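Me: Could you take me closely through one part of this structure, namely how its helices and sheets fit together? I am new to it, so please explain the terms as you go.

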Amino acid sequence: MIRFDDVTKTYDRTARPALDGVDLEVSRGEFVFLVGASGSGKSTFLRLVLKEEDATSGAVQVAGKDLRRLSSWKVPHLRRQIGVVFQDFRLLPGKTVFQNVAFALQVIGRSRGSIAAAVPEVLELVGLEGKGDRLPHELSGGEQQRVAIARAIVNSPAILLADEPTGNLDPTTSLGITRLLERINGRGTTVVMATHDDDIVDSMRKRVVELVDGHVVRDEHQGGYVTGAIPVVPAPDLSVDHGGATAVDVPVDGRPVAEQGGGGR
Ligand SMILES: Nc1ncnc2c1ncn2[C@@H]1O[C@H](COP(=O)(O)OP(=O)(O)OP(=O)(O)O)[C@@H](O)[C@H]1O
């Protein structure tokens, strides 16, 4: 569904690459947490998937398309297959919940009838039935994020990208939002969620891909926020080379895992 082959992205020739030689495959229907410190390249990864930016080198494939060969007039079609959710919700403040979600369908030319059918259905899915007439400022942060998720999925995209979707929410609300993303994933949508939220990652036990300075340093199934949060790997051996993509002993936040107590955060 998403495939990166040796992808490097350099914004500024004088700075280090934002992504550096990334190889990664996300299959249809997967749920992946993308974790890493601020500046490690998570948003850049998502921008490349959306073709908001082009790779400097390497190949990005999304939904079977090689994005190097995708002409600009086909980019809107690519983006229709990808829903996106952000930390700051990005709702239209003067439009109701219904109108915010409907807008995503209007811009792609869907009929009034199909919009009238689809919007209540998706609002129910995200737990906002009965709130279609509210304005965004009349909703809690968690509810606003549910509207943003409804808007992102109303067109049944194959992929949902979420960039720090719980960054503005309290822990309980964050878990509810992530569970909603899990439910959407259960309906077949591939979900990639970039996050700093260690509690969420640790509680969900999904695939975790960790970036450090633009490199994938860990790709762990049923992983935790840091290496070894869930004991599926042997104790780290600091004498080995740290270059591998499945490294169990890479520095996390600049400290060798051994210094972090090994068994958790
Ligand atoms: N438009 C840009 N122009 C120049 N450099 C950029 C641009 N966008 C990102 N960068 C740089 O690329 C690197 C990776 O940034 P990116 O936003 O992908 O990280 P991130 O992991 O998403 O961080 P955060 O968690 O803070 O959102 C950083 O060094 C950043 O300064």
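Reply: Happy to: we will start with one sheet, go on to another, and finish with the helices.

This is a predicted model, in which local features need pLDDT of at least 70 and side-chain atom pairs count only at pLDDT 80 or more, while totals for chains, interfaces and linings use all residues. Residue numbers start from 1 along each chain as its sequence is written. Helices (H or I, at least four residues) and strands (E, at least two) are DSSP runs, numbered from the N terminus.

Let's begin with an open sheet of 4 strands, which pair in the antiparallel sense in the order β2-β1-β4-β5. Two strands pair if DSSP finds at least two bridges between them. At the edges are β2 (19-26) and β5 (65-66), each of which pairs on one side only. Moving inwards, β1 and β4 run antiparallel and are joined by 5 bridges; in one of these pairings, Ile2 has Val62 of β4 as its bridge partner. Strand β4 (residues 57-62) also pairs with β5, again in the antiparallel sense, over 2 bridges. Here Gln61 stands opposite Asp66 in β5. What connects β4 and β5? They form a hairpin with 2 residues between them, and Ala63 in the turn has a positive phi of about 50°.

Now for the other open sheet, in which 6 strands follow the order β6-β7-β8-β3-β9-β10 with mixed pairing. Its edges are β6 (82-86) and β10 (215-220), and each of them pairs on one side only. From one strand to the next, the twist averages 15°. At one end of the order, strand β9 (residues 207-212) pairs with β10 in the antiparallel sense over 5 bridges, with Glu210 partnered by Arg218 in β10.

Which helix packs on this sheet, touching β3 (31-35), β6, β7 (159-163), β8 (190-195) and β9? The answer is α1, whose direction makes about 150° with that of β7. Axes are lines fitted to C-alpha atoms, for helices over the stretch in contact, and angles run from 0 to 180 degrees between N-to-C directions. Helix α1 (residues 42-49) also lies across strands you have already met: β1 (2-9), β2 and β4, running at about 120° to β1. Another helix, α6, lies across β3, β7 and β8, and its direction is about 155° from that of β8.

From α6 we can step to its neighbour α5. The axes of α5 (residues 141-153) and α6 (residues 171-186) come within 10 Å and cross at roughly 15°. They are therefore roughly parallel to each other, a label for angles under 35 degrees. Gly141, Gly142, Gln145, Arg146, Ile149 and Ile153 on α5 meet Thr173, Gly176, Ile177, Leu180 and Ile184 on α6. This contact (C-beta atoms, placed from the backbone, within 7 Å) has 5 nonpolar, 5 polar and 1 charged residues. Ala, Val, Leu, Ile, Met, Phe, Trp, Tyr, Cys and Pro count as nonpolar, Asp, Glu, Lys and Arg as charged, and the others, Gly among them, as polar.

Finally, α5 has another partner, α3 (residues 97-106): their axes come within 8 Å and cross at roughly 25°. This pair, too, is therefore roughly parallel. Val97, Asn100, Val101 and Ala104 of α3 make the contact with Val147, Ala150 and Arg151 of α5. By class, these residues divide into 5 nonpolar, 1 polar and 1 charged.

Methods
Parallel < 35°, antiparallel > 145°, perpendicular 65-115°, else oblique. Contact = placed C-beta atoms within 7 Å.
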